[in-house]
Amino acid sequence: MEQGKAKITCGGIAIAPVFEIKNQHLEVAQLPILSVEEELARLNQGAQQALEQISALIDKQDPNSQAVEILEFHLMLCQEDELLDPARELIAKGGINAAAAILQAGAQQAAEFKALDDPYMQERSADILDVAERIGACIAGVKVQSKPTSRVVIVADDLTPSQTAAFEREYIAAIVLRGGTANSHAAILARNMGIPSLIRAQLPHDIDGQILAVDAIAGNFYLNPDATTLSKMQQAKEDWDKAQLRLLALRGKPSHAPCGHKMLVCANIGTPDEIEFALENDCEGVGLMRSEFLFIGRETYPTEEEQYQAYARVATALNGRPLVIRTLDIGADKKCPYFNLPEEENPALGLRALRICLLRPELFKVQIRAICRAAARGKVLMMLPMVTSLQEIKQSKALLETCLQELAQEGKEYARPQLGIMIETPAAAILSAQLATEVDFFSIGTNDLMQYTCALDRQNAGLSAFYDPHHPALLELIKLTAHHAHQAGIWIGICGELGSDLSLIDTFIEYGIDELSVSPSRILAVREKILHSTAACLNRRGAEVNF
Ligand code: PEP
Ligand code: MG
C-alpha cells in the first residue's frame with residue numbers, strides 16, 4: 001500500500017481502479033497540407049487505422065457489456081460515408097489537411113445530432129466527436145486515449161476543462177491530480193458534477209488498473225489499500241453516504257436565515273447536461289451558466305440556433321426558476337483555438353471574455369440573440385464577465401438593443417433578459433456605486449476577484465502558500481460592493497467558489513448577500529448552514545430578490 005496527503009477540491013469518498021490519463025495534444029493545424037489526392041489517402045488510412053483500434057478494444061471487453069454496444073457504433077461510424085464524405089468535400093476544396101477536415105466534419109455532424117429532439121440521438125453526438133478525434137489522431141500519428149466504460153478513479157498530472165467536461169459522470173468515481181489548482185476550471189467542473197476530487201497528490205506514474213481509495217474528506221489517498229485500510233474506507237464511505245442522505249432531507253426547504261434574511265441558493269453549471277444534477281440537489285435557479293463551455297472542445301463557433309437550443313433546454317428544465325447566462329468568457333485557461341487569439345505573455349490580463357466580445361460584435365450578437373430568444377422560454381438573465389468600466393456596459397447594452405430590434409423585425413419569439421454584471425475585477429468593485437445604476441444585478445466572481453486583487457495567478461499551483469481565500473482585501477471589496485448594490489436597489493449574489501465556503505456564510509448574511517450560486521454538490525450543505533446561521537444581517541436591500 002502507498003499512501004499520501006492531497007488537497008481536497010470536492011468532498012466525498014471513492015474506491016475504484018485507476019484510469020490514468022496521459023495528456024497528448026492533437027495539434028492538427030500544425031500538420032502540413034499535402035495535395036488533395038494525398039490528403040484523401042491519409043483520411044482513408046486514418047479511418048482504417050481507427051477501425052482496427054476500435055476492433056481491438058472490442059476484443060478486450062465483456063461481450064455482453066454496454067461498452068461493446070457503444071464501440072460497435074464507433075466501428076460503424078469509421079466506415080460510414082455520412083462522417084467521411086463531408087471531410088472528403090472539405091479536402092477537395094483544398095487548403096486543409098485530412099486531420100483538420102475530419103475534426104471539422106465531426107464537429108458539424110455532432111452539432112446536428114445535438115440539435116435533434118430525440119435524447120438518444122443527442123447523446124450520439126459525443127460518439128461522433130470521439131470517433132472523429134480518433135481518426136484525426138491516427139492521421140496525425142498521435143495515440144488517443146480510450147474513455148472509461150466502467151467506474152474508475154481518473155488519475156492525471158492535470159486536466160483541461162474540455163477533458164473534464166467530456167467525462168461521463170456515472171463512470172467517474174473520483175478524480176486525483178498530481179498537479180492542478182482548486183479554482184482551475186477543470187476543478188470547478190468536477191465539483192459541478194459532484195465528483196470527489198483531490199489535487200497535488202504525489203502519486204506514482206503507470207498505475208493504470210490499480211485500486212485507489214480516495215478520502216476527499218480528510219484529504220488522503222491509499223494506492224492498493226491493505227485489508228484494514230480498505231474496511232476503514234468502506235465504513236467512511238457509508239458514513240458519507242448517510243450524511244448526504246441527511247442533506248437530501250433539506251430539499252424543498254427555502255434557504256432563510258434565522259435573522260430573517262432570505263438567500264437564494266442557486267447552481268453553477270458548465271454544460272446544459274449539468275442541470276439535471278443541479279435540480280436533483282434542489283437548486284433555486286442557476287446563478288451562473290458558464291456559456292463558454294458551449295464554445296470550447298470543438299472546431300467551429302456554435303450557431304445561434306445551437307446556443308438557443310442549449311439555453312432554452314436549461315431554462316425549460318428550470319420551470320420558472322431563474323437562469324443567469326454568463327456571456328462568453330474564454331481566454332486564460334479556457335482555450336478556443338478557432339478564435340485565433342494572439343499568443344500573450346499574460347493571458348489572464350489579456351484579450352479575454354467581454355473584451356473579445358466587444359472587439360468582435362458580430363460574434364457577440366449571435367450569443368445575445370440566442371439569449372433573448374431563450375428568454376421567451378423561461379426566466380433568463382444575461383450577465384457580463386470581466387467588466388472593468390461603465391463604457392463596456394454601455395457598449396454591451398447598445399448591442400442588446402440592436403439584437404432586440406432585429407429579432408422584433410424578423411418576427412422571432414424573444415424577451416428582454418435582465419442584465420447584470422460580474423464583479424470580478426477590483427476596478428468593478430471600486431466603481432460598483434456607479435455601475436449599479438446601469439444594471440439589474442451584480443454577481444461577485446470571487447475566483448478572479450481574488451486573483452486580480454491579490455495578484456495571485458489562480459492557475460499557478462506553486463502559489464498555494466500565498467493563497468488566503470479569506471484575505472481581508474477580498475472581503476472588504478465584497479462588503480463594499482454589496483453596500484453599493486443595495487444602495488442602488490439591486491440584488492447581489494456571489495458565484496465564485498468562495499460562495500460555498502461554509503465558514504463565510506455568516507459573513508455573507510451580515511453583508512446582506514441576496515444569492516449564492518455554488519456547485520450543485522454544495523447546494524444542500526450551504527442551505528443547512530444558512531438555516532442554522534447565528535448571524536444578523538446588517539445590510540438588507542429591503543426588498544426580496546425579484547428576478
Ligand atoms: C469567478 O471568477 O469567480 C467566476 C465565477 O468565473 P470563472 O471561475 O468562470 O472565471
Ligand atoms: Mg471569472
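A residue counts as buried when its relative accessible area is under 20%, and as exposed when that area is over 50%. The exercises below concern a predicted model.

**Exercise 1.** Decide whether His185 is buried or exposed, and state which helix holds it.

Solution. Start with the relative accessible area of His185, which is 3%. The cut-off for a buried residue is under 20%. His185 is therefore buried. As for its place, His185 lies in helix α7, residues 185-192.

**Exercise 2.** Treat Cys495 likewise: find its place in the chain, its burial and its contacts.

Solution. Cys495 sits in the loop between β15 and α18 (505-511). Its relative accessibility is 1%, so Cys495 is buried. Leaving aside residues up to four places away in sequence, Cys495 touches Asn268, Gly287, Leu288, Met383, Met422, Ser443, Ile444, Gly445 and Ser517.

**Exercise 3.** State which residues UniProt lists under "active site", and why they can be said to gather at one spot.

Solution. The UniProt record, an unreviewed entry, places the feature "active site" at His185 and Cys495. These positions span 311 residues in sequence, but no two of their C-alpha atoms are more than 13.5 Å apart, so they gather at one spot.

**Exercise 4.** Describe the barrel: its strands, their order and the sense of their pairing.

Solution. Eight strands form a closed barrel in the order β9-β10-β11-β12-β13-β14-β15-β16, with parallel pairing. With direction ignored, neighbouring strands of this sheet are turned by 25 degrees against each other on average.

Take one pair as an example. Strand β14 (residues 441-444) pairs with strand β15 (residues 491-494) in the parallel sense, over four bridges. Within these strands, Phe441 stands opposite Trp491 of β15.

Next, add a helix. Helix α12 (residues 361-374) packs on the sheet and touches β11 (322-326) and β12 (379-384). The direction of α12 makes about 155 degrees with that of β12.

**Exercise 5.** Judge how compact the protein chain is for its length.

Solution. First, list the elements: the chain has 19 helices and 16 strands. The radius of gyration is 24 Å, close to the 24 Å from the globule rule for 547 residues, so the chain is as compact as a globular protein of that length. Along the principal axes, the C-alpha trace spans about 70 × 70 × 45 Å.

Then consider burial and contacts. Buried residues are 53% of the 547. Of the contacts between residues at least 6 apart in sequence, 70% join residues at least 24 apart. Finally, the chain exposes about 23200 Å², of which carbon and sulfur atoms supply 51%.

How values were computed. Residues are numbered from 1 along each chain as its sequence is written. Chains are lettered from A and ligands numbered from 1 in the order in which they are written. This is a predicted model: local features need pLDDT of at least 70, side-chain atom pairs count only at pLDDT 80 or more; totals for chains, interfaces and linings use all residues. Side-chain values use heavy atoms; hydrogens and water are left out. Two strands pair if DSSP finds at least two bridges between them. Helices (H or I, at least four residues) and strands (E, at least two) are DSSP runs, numbered from the N terminus. Axes are lines fitted to C-alpha atoms, for helices over the stretch in contact, and angles run from 0 to 180 degrees between N-to-C directions. Contact means heavy atoms within 4.5 Å. The radius of gyration is taken over C-alpha atoms; the globule rule is 2.2 Å times the number of residues to the power 0.38. Buried means under 20% relative accessible area, exposed over 50%, partly exposed in between (1.4 Å probe, protein chains only). Accessible areas come from the Shrake-Rupley method with a 1.4 Å probe; for residues, only the protein chains shown count as cover. UniProt positions are given in the numbering used here, feature names are shortened, and annotations may be inferred rather than shown by experiment.
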